[in-house]
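Dear colleague,

I am passing on the structure we spoke about, and I would be glad if you kept it open while you read the notes that follow it.

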Amino acid sequence: MLTGIVAVYHLWLHVSATTVALTLLLLVLFLAAQWGLRYAVVTSMAATAAYNYYFLPPIGTFTISDPQNWLAIFAFLTVAVVGSRLSERAREEAEDARRGQRELEVLYGLSRQLLQAENVAGLLNAISPAIMLVTRADAIVLYLLDGDRRYMAGDSSAIQMDDVSLRQLAQTLPAPDTVGLQARVPLSVGVRPRGLLLINGVTLSMDTLEAIGGLISVSIDRAQALEDVTRGEAAKESERLRSLMIDSITHELRTPLTAIKAAASTLLLPKTLDDEEQRELLTVIDEESDRLNQLVSEAVEMAQLDTKEVHMTFAPTAVAAVVEQSLQNCSSLLENREVKVDLPTLPLVKADAEFITKVLTNLIENAAKYSPEGSPLAISSEHKDGMVSVSVADRGMGIDLSEQGLIFERFYRASVPSQQTWGTGMGLAISRAIIEAHHGVLSVTSQLGEGSVFSFTLPVVES
Ligand code: ADP
């Protein structure tokens with residue numbers, strides 16, 4: 001470019017020496033802004049020499065006759081070097097500002113991602129991918145001293161370090177540092193070392209590395225605190241449920257017990273009853289004891305589900321088999337009914353077949369119990385968004401909108417049908433607990449006088 005300018009001015013455009021000097025100065029400043037001081041200084045020297053040779057008399061020699069020109073050339077060189085220095089500083093500052101902004105964005109993005117986590121396990125798995133995403137690093141290793149745990153993201157072969165060296169480094173590294181293209185950030189709880197973060201393939205300032213380390217520690221502490229609070233609340237809730245349960249049970253037990261007690265007391269009276277009456281009272285005792293038995297066993301089952309004492313084995317399960325088994329369980333109830341079963345080809349679901357059969361049996365029993373004799377039932381299923389839903393529809397009396405949420409509560413029985421049929425009000429509560437243990441949802445849509453559809457969802461087995 002320098003040669004170009006000199007040639008143009010020297011050969012074609014005959015302008016004053018000042019114009020040439022200013023043009024060359026512009027070139028030098030431009031180079032300083034683009035490439036840095038070193039190139040600009042070298043170019044200044046070359047430009048000074050060319051200026052002297054081609055434009056300052058005597059032209060064609062490096063000698064300078066007029067002392068004024070000595071001054072001019074000295075001024076040119078000084079302005080070129082000082083100007084270059086200034087424009088390089090401007091360039092560096094702009095770069096610093098850009099880097100600062102990018103690092104701020106990195107920290108902001110990271111803090112948003114990390115502070116969303118609700119539990120420690122989820123957070124620890126999220127940290128490495130999050131850092132990799134926001135810093136655009138090649139590989140990340142998060143190492144925790146507690147349990148020698150490693151969480152990696154990216155090309156893990158890029159960071160090959162055994163547990164012993166990681167542990168040693170995590171315990172001894174006092175502050176973030178950079179070795180080659182690898183940044184190493186110690187993590188700590190107070191003054192105690194907690195672990196180490198290795199970031200491969202990006203250069204970040206020490207301040208940013210320190211901030212990332214602090215952010216990780218704070219987010220782990222926060223998730224830990226949240227988990228502790230949730231655990232405390234769950235314990236409180238379980239205690240509350242237990243006492244609620246005891247209240248409801250004593251209330252529910254009282255009705256059959258009163259009937260049994262009354263029948264037994266009457267039977268014990270001196271001979272006042274004929275055979276027929278005695279039989280009737282004995283039947284009351286028999287039936288009410290059965291109810292008592294059912295109530296107690298359902299209450300125990302609910303309590304076990306509450307406290308997660310029930311052991312479920314989740315295995316790939318065919319919905320069709322569950323439907324078949326449930327229909328078989330209810331065969332006597334369904335003798336005079338048309339049951340329409342509509343099952344498309346479905347993927348296997350992740351479920352405990354025995355428990356799900358119990359849920360479906362309960363829904364079919366309810367559908368039969370709360371709909372007129374002989375009315376049809378329909379069982380259908382569909383696969384959507386990684387879940388399979390199974391529905392049981394009846395043309396029964398339906399459930400009032402205000403009660404649709406309540407029927408899943410333990411011991412709750414809706415006002416309309418419960419007067420005509422006997423039940424414990426526990427079936428749906430148990431079913432919902434089972435479905436929730438499967439990470440599914442049990443729900444109802446119903447219209448009074450038209451019928452109800454109970455549906456539950458189950459997750460499809462991941463392939
Ligand atoms: P139970 O049947 O022993 O009363 P559930 O928990 O199974 O207990 O059901 C709770 C209540 O929900 C029932 O008492 C009934 O009022 C209502 N219900 C359940 N299924 C149906 C249905 N298919 N149609 C109308 N009402 C229903």
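Buried area is the accessible area, found with a 1.4 Å probe, that two parts lose on being put together, summed over both. Please keep in mind that this is a predicted model.

The domain assignment divides the protein into domain 1 (2-101), domain 2 (119-228), domain 3 (232-306) and domain 4 (315-459), and my notes concern how domain 3 and domain 4 meet. Taken over C-alpha atoms, the centres of domain 3 and domain 4 are separated by 26 Å. The area buried between domain 3 and domain 4 comes to about 1200 Å², and carbon and sulfur atoms give 71% of that area. In terms of residues, 14 from domain 3 are in contact with 12 from domain 4.

Turning to the polar side of this interface, the rule finds two salt bridges across the interface of domain 3 and domain 4. Asp306 forms a salt bridge with Arg410, and the closest N and O atoms of this pair are 2.6 Å apart. Between domain 3 and domain 4 there are also three residue pairs counted as being in polar contact, both residues being at pLDDT 80 or more.

On the side of domain 3 that touches domain 4, helix H7 (206-268) and helix H8 (275-306) each supply at least two residues, and H8 gives the largest share, with nine residues. Sorted by kind, the residues on that side of domain 3 are seven nonpolar, two polar and five charged.

With best wishes

How values were computed: Residues numbered from 1 in each chain as written. Predicted model: local features only at pLDDT ≥ 70, side-chain atom pairs only at ≥ 80, totals over all residues. Heavy atoms only, no water. Domains from an automatic or database assignment. Contact = heavy atoms within 4.5 Å. Salt bridge = Lys/Arg side-chain N within 4 Å of Asp/Glu carboxyl O. Polar contact = N/O pair within 3.5 Å; in protein donor to acceptor, adjacent residues only side chain to side chain. Helix = DSSP H or I, 4+ residues; strand = E, 2+ residues; numbered from the N terminus. Nonpolar A, V, L, I, M, F, W, Y, C, P; charged D, E, K, R; others polar.
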